[in-house]
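Hi everyone, thanks for coming. Today I'd like to walk you through one part of a structure, so please have a look at the screen.

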Amino acid sequence: MAGSRYTLMMDRASFVREFSEELSNGDGALFVGAGISKPSSVPTWEDLIRPLASSRLGLIDLRDADLIQIAQYVVNASAGNRGPLIHHLRTQFSGPFSVNAYHRPIVQTQVSTVWTTNYDVLLEQAFRQASFSVDVKATDDAISRSVPNHEIEIIKMHGSIDQSPHEDLVITGEDYEDFDTHRPATAERLRSDLLTKSFLFLGYSYRDPNIHGIVAQARRLSNKATRQHFLVTTAEEPLEDDKPGDLDRRRLMAELWRNNLRRFGIETILLSGYAELEALLVEIAQKSRGATVYVVGSHLDTGNRQAQELGRSLAERDIVLVDGQSDGVSRQVITAFVEEGVKRKRDVYKHLKIFPNPYSVNPAFASDPNQIPILKSWRAPLLRSTQVFVCFDGGMGTEAELELAIQSGCRIVPVPGRSDGMVTTSVLTQSAILDRLPTKYAGKAKSGTISAADIAECIDDLTK
């Protein structure tokens, strides 16, 4: 903000680098607020409370109100009966609501734990649609139990509209005050995660009542000994009913709030608007996978010198090569990579990430289209861990992995070679893929003049 009295906030590049490294190391977590659900037309806190505040309390203007306390006043007006408030809440969240553009990059991010104060079920829907095994913890009892072999844990700190009993939904001032007493396991888990993980808070603004409660709990639970945390928020925008000076006042209050968050170890990244958020999340999703490279191609191509040269070249770089235990092109890259690494006396194991491939055990699978869904299910964890997907030409197995790589948000690097290579030919017609490549490489790929050095240089550009 022009004329700010406070130190500058963290710049975007530094934030992306730091938090992506935390995620890549398994030390990052997300904390998702109502702003992420808003594009799905899920009601905001003010949308929820305004009708009851008007009908039961005679309050019309809620612009500066403490909405959590207003919810408490609504319950007080009913002689302590939470029934009308909870019924109203369940009615407003009956949906149906659809996942939105923010959920896709969240799903593609290397994250295993997601906290949320949202009552809706959009996060779990988004992960399940992407074939993740999801463990939703919406009650205190669930904190101590886990779904076997789950890939994503979603902790619904304030309950879930689809499964929480009414007494477990945190919505009034009294609920916040008694949180540690009524949900001790959740409070203890939050304390542990604050101390051991770096959080990214998404979808919160200074006017969101949930963030104030979380920050206060974070300070109390961790005794100021938290890890470095981050919050992405947007600049205050004009409202239709603004009076002169209202916008300036909101902007000042938001700035004071952001500066105060540093007391709790939370650095703020300020975006001009939510239009920037999707691109930021996509960037984090990519970087969170680390400098990981997976090379695919025909399992019948056993003498590809370009693949061998690429493997040797990658052994010179600080990347992690993903080994999908496939034959052909992929095996040649891996073998050359390991051999060159040994020559250079590098710790090869630090630069290899191995995923089992039962599909390759039976040669008959390669010509059986009915086995493709099985291949995709086996390959899903691998591709969620891959940033750069290098695609030589191949058959239907290569094509299936390419489709899954695109769905998983990998950066696709096509390597045209064979004149009848339909897989990379199809990639070269997709502007959404080519636009994410360095211009120099995209041009050479279209002309079919790609060398191993070109591929390695492209990987350098995409992983830096």
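Let me begin with a question: is strand 8, residues 292-296, largely enclosed by the rest of the structure or left open? Keep in mind that this is a predicted model. Well, five of the five residues of strand 8 are buried, so this strand is largely enclosed by the rest of the structure.

Now look at where those side chains go. In a regular strand, the side chains alternate between the two faces of the sheet. Here, Thr 292, Tyr 294 and Val 296 point one way from strand 8, while Val 293 and Val 295 point the other way, and all of them are buried.

Who are the neighbours? On to the pairing. Strand 8 runs parallel to strand 9, with three bridges joining them, and Thr 292 stands opposite Val 320 in strand 9. Strand 8 also runs parallel to strand 11, residues 388-392, this time through four bridges; there, Val 293 has Val 388 as its bridge partner.

How does the chain get from strand 8 to strand 9? Helix 15, residues 305-314, joins these two strands in a right-handed β-α-β unit.

Strand 9, residues 320-323, has three bridges to strand 10, again parallel, and Leu 321 is partnered with Leu 352 of strand 10.

Let's put it together. The result is an open sheet of five strands, in the order 10-9-8-11-12, with parallel pairing. Strand 10 (352-354) and strand 12 (411-415) stand at the edges with a single partner strand each, so one side of each has no neighbour in the sheet. From one strand to the next, the twist averages 25 degrees.

How values were computed
Residues numbered from 1 in each chain as written. Predicted model: local features only at pLDDT ≥ 70, side-chain atom pairs only at ≥ 80, totals over all residues. Heavy atoms only, no water. Pairing = 2+ DSSP bridges. Axes fitted to C-alpha atoms, helices over the stretch in contact; angles between N-to-C directions. Buried < 20%, exposed > 50% of the residue type's maximum accessible area, 1.4 Å probe, protein only. Right-handed = clockwise from strand over helix to strand, strands pointing away.
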